[in-house]
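Welcome! Open your viewer, get your selection tool ready, and follow along one stop at a time.

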Amino acid sequence: MITEQLFIAGKWSAAKATLPVEDPSTGEIIGTLAAGTADDVDAAVAAAQAAYSGAWGKLTAAERGRVLARIGKAVEARADELAQLEARDVGKPLKQARADALALARYLEFYAGAADKLHGETIPYLAGYTVFTLREPHGVTAHIIPWNYPMQIIGRSVVGALAAGNATVVKPAEEASLTALAFARIAHEAGLPPGALNVVTGTGEQAGAALAAHPGVHHVSFTGSTAVGALIQAAAGQNAVPVTLELGGKSPQIVFADADMERALPFLVNAGIQNAGQTCSASSRLLVERTIYEPLLEKLSARYRALRVGAARDDLDVGPLISAAQKARVEKYIAHGRGDGLTIAAEGAIASNAPRGGHFLAPTLFAGVAPDHLLAQDEIFGPVQVVIPFSSEDEAIQIANGTQYGLVAGVWTRDGGRAMRLTRAVHAGQVFINNYGAGGGVELPFGGVGRSGHGREKGFEALYAFTRLKTVAAFHG
Ligand code: ADP
């Protein structure tokens, strides 16, 4: 059995209560987490503030970069171990879990290099003045992490904040905290000063809410549901501190008749079923030009029928959903679609050796769905895609923009002008032309519009969010 504790000021400590750790592939309880309270959050924020005012805050940018680079090497060296842990905790097929661990190493590499390349500007001004800007860390940053990609989100959120010189308090999701704790261990062994990274596990209602509302926190990064994002923003608003919200999505891929269909096919399906569809930037809507609707639907269906679902360790196309509750939620949507008479074009299959207690669900492809149907509007967060036909470029744009979300969009066409028109017209934080996701590059700013949130993580852009600007005007005559 795994027994995890809180990590505050470089030390491990027990909490008053615990939470169970479940393996979603089997439904078995494999350990316990500490259920952190508001008092634990207080201690973690105090530890972060002390690190910011002390050893961590005193490092130069280049020294911070070197520490992050060392952690990156250690994460890379232990990618297999981290992947095993994540596969057990989240139910991710091993290959995906390993890709997440390597992505975390790559974030560390990128932000290690960026730490000493972040600087202000000089501004031409009145005679006798020299004006410049300083980019300063906020101080203590809070990071509330979801369960779907713990390592990648720690990479793009926590690592960026550390590179910019902040001290951090991390609240991982109660369903998936193990790799956040492993990361804390690795970071400390690699020389991160105590208090620069604190991990308070626990529930969202207790530990998460206390952290978002804490007056000692100077910036809050949140990735998760739109509903909780609104609570976080309101809580942070009480302290007038900035927030980065990376919320849900209902991201479309728009396929025109002139697209390279063979190239498109794997992207169309993988973007919907990767991580069992539990991905903010999942492409859950496939908009297909009517003239190729039938042949493309047949090819999509064939791919769906070939999908295999099973335990993370078996490394099939799709693993389990994170929990029984999540599975029930997705099943409800599928039942709703069936009840409304929607056509199920194809389903994947659950492997015969999939453990009985696992939260498995067959990927489901719905065809001919009206753009305003619930299944084409709500973020389902499961391996479910809807195919929606369209007749013109204008109609495609209208459907693509016809949800409350705007995270990512994909456009498939060989017509360069059309690709650019669509790129300009769609509401999204990222647009992919003739691909989807571009391999998830850490360099590429990521975030949403509308109910998908605001602020950008990843790339250099995140470093601007993790700093605040001070303008200095010196009069010297
Ligand atoms: P999901 O639907 O992916 O579970 P949530 O938005 O519920 O997303 O959870 C994302 C993260 O937010 C988790 O770490 C969770 O514990 C935390 N969380 C949930 N509710 C709250 C809350 N009221 N205040 C702060 N954090 C919360």
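This tour goes to the ligand and then to a single threonine, in a model that is predicted.

**Stop 1: the ligand and its neighbours.** Select the ligand and show the residues around it. There are 17 of them, and those that come nearest are Ile145, Trp147, Lys171, Glu174 and Ser225. Try colouring the shell by class: you should find ten nonpolar, five polar and two charged residues.

**Stop 2: polar atoms beside the ligand.** Keep the ligand on screen and pick Trp147, where a polar side-chain atom sits 2.9 Å from a ligand oxygen atom. Next, click Lys171: an N or O atom in its side chain is 2.7 Å from an oxygen atom of the ligand. Then move to Ser225, whose side chain has an N or O atom 2.7 Å from a ligand oxygen. How much of the ligand's accessible area does the protein cover? On its own the ligand has 550 Å², and the protein covers 82% of that.

**Stop 3: the elements around the ligand.** Switch to a cartoon view and highlight α8 (204-212), β11 (219-223) and α9 (226-238), the elements that each give two or more residues to the shell.

**Stop 4: Thr413.** Now select Thr413, in the loop between β20 (408-412) and α15 (416-425). Is Thr413 buried or exposed? Its relative accessibility is 2%, so Thr413 counts as buried, since the cut-off for buried is under 20%. Show side chains here and you will see Thr413 make a polar contact with the side chain of Asp258, at 2.9 Å. Beyond its neighbours within four places in sequence, Thr413 is also in contact with residues including Phe256, Ala259, Arg418 and Asn434.

Key. Residues numbered from 1 in each chain as written. Predicted model: local features only at pLDDT ≥ 70, side-chain atom pairs only at ≥ 80, totals over all residues. Heavy atoms only, no water. Near = heavy atom within 4 Å. Polar contact = N/O pair within 3.5 Å; in protein donor to acceptor, adjacent residues only side chain to side chain. Areas by Shrake-Rupley, 256 points an atom, 1.4 Å probe, with all protein chains shown as cover. Helix = DSSP H or I, 4+ residues; strand = E, 2+ residues; numbered from the N terminus. Nonpolar A, V, L, I, M, F, W, Y, C, P; charged D, E, K, R; others polar. Buried < 20%, exposed > 50% of the residue type's maximum accessible area, 1.4 Å probe, protein only. Contact = heavy atoms within 4.5 Å.
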